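Visitor: Hi there! Could you walk me through this one? I'd like to start with the charged side chains.

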Amino acid sequence: MKVLVIGKGGREHALCWKLKQSPRVTTVYCAPGNAGTALDAQNVAIEPGDHRGLAQFARREGIGLTIVGPEEPLAKGLVDFFQREGLRIFGPRRDAAELEGSKVFAKELMRQAGIPTADYRVFRSAPDAEHYILSREVALVVRSRGRSMIRNTIHCRTAAETLEAVERILDPREMLGPGVQVEIEDRGARKVFGTFAEARDYVLNCPLGLVVKADGLAAGKGVYVCGTLRQALEAIDQIMVRRVYGQAGDRVLIEERLDGRETSVLALTDGRTIVPLVSSQDYKRALDGDEGPNTGGMGAFSPTPMVTSDLMEEVEREILVPIVHALKRARKPFRGVIYAGLMLTNQGPKVLEFNVRFGDPETQVILMRLKSDLLDALEAVVDERLDQVELEWDPRPSVTVVMAAEGYPGPYERNRWIQNVEGADRLPDVKVFHAGTKLRPDPEAGREPRIVSDGGRVLNVTALGDDLAKARERAYEAVAKIRFPGGLYRRDIAAEPAPAPEA
Ligand code: AMP
């Protein structure tokens, strides 16, 4: 069978690589692909947004199954289009992909199905959202100092009440002359202010845990974890006033901030049966020690001790089964891979978000450990016979280290020449998946084309080992072989957590 993978990242390279191992697969195509898929598969120069072009290609080449990697084509209805054309494709239809495409839809469904998640409110306008933020509980005490006519001590429950009290005390129309000041007491600590602006500044900087999210797809951005009212107001400004995510910001969600450790669980589902994949853990921050800005993911390993078999069962029972059922009841049956981003709180796992596709770079470490035929599993999803599938896994752990372009996740340069990927690939149990790479003809005639960087996350250097430490060692050994000027990577992927300090 010929198969077609849609996308151009490390996830798609891993899918191509694994599909190629199936004895039933004759050719793997990747559209548009990268330098890695050019070597392990055949690239096709069609963009994921070109539904008609992809369908024409699939028909002409007699593609037996198309697999969609990224979320955008799912949200735009690529699966619906293929199905209408009578073509087989793996992934949820547009209405089910809304689970990722609209955070409001996902939250409402979770609420209906009783799935544990952060409390939230939805807003359609900036003033309503701002009003809500300013009405969060802050419990401050305001007192006038100097010759104010205003009642001396005012207990305020919210920021809005506090600012109103401050404004009244400092109201210039009161003509109280100089010397009137306002004192704000926060849990015993007192501060005195002479102007409204100073007092407002203080109130807005009070600590408060809120998360502000743009409703729609914002390329992994659009989520603001806020520690103060000011940050929350700024997030509303970005999303709803400046509209930096365009239509994705038509609605915002404001959630309570959850505390705990984050992990994720991925599962295949045909809408009836759910088959969880092995656990994995990714690293979102750019720098060692979980410092620096958020990224698409700087590395991952599998399995993770955070997801015990008890937790896996709980997630299946309390989260995956109810969400798949809720989608079915809503007449939006889900077929594909479902990804639950979780916060492990004191009250158990709570859902941060759902994705409707393979995670990147989680997929790289998961597929590295898959022993079963991936094509069989994906076809079983499409044909709704997942109940017949049992996945077999390599017991050995896997690790992937992301090599990123200098500057990522900010602006970065492309077209850096990357050398000796094949040297890294030759190490036993190592596979270098390409993410942001492309092939460029070598200026010297007769030479192989060069691999150059063409994105933020460039390579996913992936290894298996007898234990996690060995997998990690091997992945870093492979990283050391690659010559990538300016290439950045975290040095603490899959490192032992720092030992607890001695009592
Ligand atoms: P999301 O795209 O919704 O998963 O959000 C991206 C990141 O924001 C998550 O991986 C978390 O680190 C953080 N986050 C999202 N929602 C919350 C929440 N309710 N409480 C704490 N952190 C959150």
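Guide: Happy to. A salt bridge here is a side-chain nitrogen of Lys or Arg within 4 Å of a carboxyl oxygen of Asp or Glu. Lys-76 and Glu-72 fit that description, with their side chains meeting at 2.8 Å, N to O. Keep in mind that this is a predicted model.

Visitor: Are Lys-76 and Glu-72 buried, partly exposed or exposed?

Guide: Lys-76 is partly exposed, because its relative accessibility is 49%. Glu-72 is also classed as partly exposed, because its relative accessible area is 43%.

Visitor: How many salt bridges does the structure hold?

Guide: There are 45 salt bridges in the structure. One of them joins Lys-431 and Asp-40, at 2.8 Å from N to O. That pair links distant parts of the chain: Lys-431 belongs to strand β24 (residues 430-434) and Asp-40 to helix α2 (residues 35-40), 391 residues apart.

Visitor: Why does Lys-431 count as buried? And what about Asp-40?

Guide: Buried means under 20% relative accessible area. Lys-431 has a relative accessibility of 10%, so Lys-431 counts as buried. Asp-40 is at 14%, so Asp-40 counts as buried too.

Visitor: What lets charged side chains pair up in general?

Guide: Side chains of opposite charge can pair when their charged atoms come close.

Visitor: Which residue forms a salt bridge with Arg-447?

Guide: That would be Glu-444, and the closest N and O atoms of the two are 3.6 Å apart. Glu-444 is partly exposed, because its relative accessible area is 47%.

Visitor: Which residues are linked in a network of salt bridges?

Guide: The network links Arg-24, Arg-88 and Arg-385 with Asp-376, Glu-379 and Asp-383.

Visitor: Switching to rings. How many aromatic pairs are there?

Guide: The structure has 8 aromatic pairs. One of them is Tyr-29 with Phe-57: the ring centres are 5.1 Å apart and the planes stand at 85°, so the pair is edge-to-face. The two rings come from distant parts of the chain, with Tyr-29 in strand β2 (residues 27-32) and Phe-57 in helix α3 (residues 51-61), 28 residues apart. Tyr-29 counts as buried because its relative accessibility is 8%. Phe-57 is buried as well, because its relative accessible area is 6%.

Another pair is Tyr-283 with Phe-301, which is tilted, at 6.2 Å centre to centre and 50° between the planes. Tyr-283 sits in the loop between β16 (281-282) and β17 (285-287) and Phe-301 in strand β19 (residues 299-302), so the pair ties together parts that are 18 residues apart in sequence. Both Tyr-283 and Phe-301 are buried.

Visitor: Where do Arg-136 and Arg-450 sit relative to rings?

Guide: Arg-136 places its charged end over the ring of Tyr-132, 4.0 Å from the ring centre. Arg-450 lies over the face of Trp-417, with 3.4 Å to the ring centre.

Visitor: What does Pro-485 contact, leaving aside its sequence neighbours?

Guide: Pro-485 is in contact with Trp-417, that ring partner of Arg-450. Arg-416 is also in contact with Pro-485. Pro-485 lies in the segment after α16 (468-481), and its relative accessibility is 43%, so Pro-485 counts as partly exposed.

Visitor: On to Ser-102. Where is it, and is it buried or exposed?

Guide: Ser-102 is in the loop between α6 (94-101) and α7 (103-113). Its relative accessibility is 5%, so Ser-102 counts as buried. A polar atom of its side chain lies 3.0 Å from the backbone nitrogen of Phe-105. Not counting residues up to four places away in sequence, Ser-102 touches Asp-215 and Arg-251.

Visitor: And the ligand? Which residues come nearest?

Guide: There are 14 residues around the ligand, and Lys-213, Glu-255, Leu-258, Glu-262 and Glu-353 come nearest.

Visitor: How far is the ligand from polar side-chain atoms of Glu-255, Glu-262 and Lys-103?

Guide: Glu-255 has a polar side-chain atom 2.8 Å from a nitrogen atom of the ligand. For Glu-262, a polar side-chain atom is 2.4 Å from a ligand oxygen atom. Lys-103 has an N or O atom in its side chain 3.2 Å from an oxygen atom of the ligand.

Terms used
Residues numbered from 1 in each chain as written. Predicted model: local features only at pLDDT ≥ 70, side-chain atom pairs only at ≥ 80, totals over all residues. Heavy atoms only, no water. Helix = DSSP H or I, 4+ residues; strand = E, 2+ residues; numbered from the N terminus. Buried < 20%, exposed > 50% of the residue type's maximum accessible area, 1.4 Å probe, protein only. Phe/Tyr/Trp six-rings, centres within 6.5 Å; stacked < 30°, edge-to-face > 60°. Lys NZ or Arg CZ within 6 Å of the ring centre and 35° of its normal. Polar contact = N/O pair within 3.5 Å; in protein donor to acceptor, adjacent residues only side chain to side chain. Contact = heavy atoms within 4.5 Å. Near = heavy atom within 4 Å.
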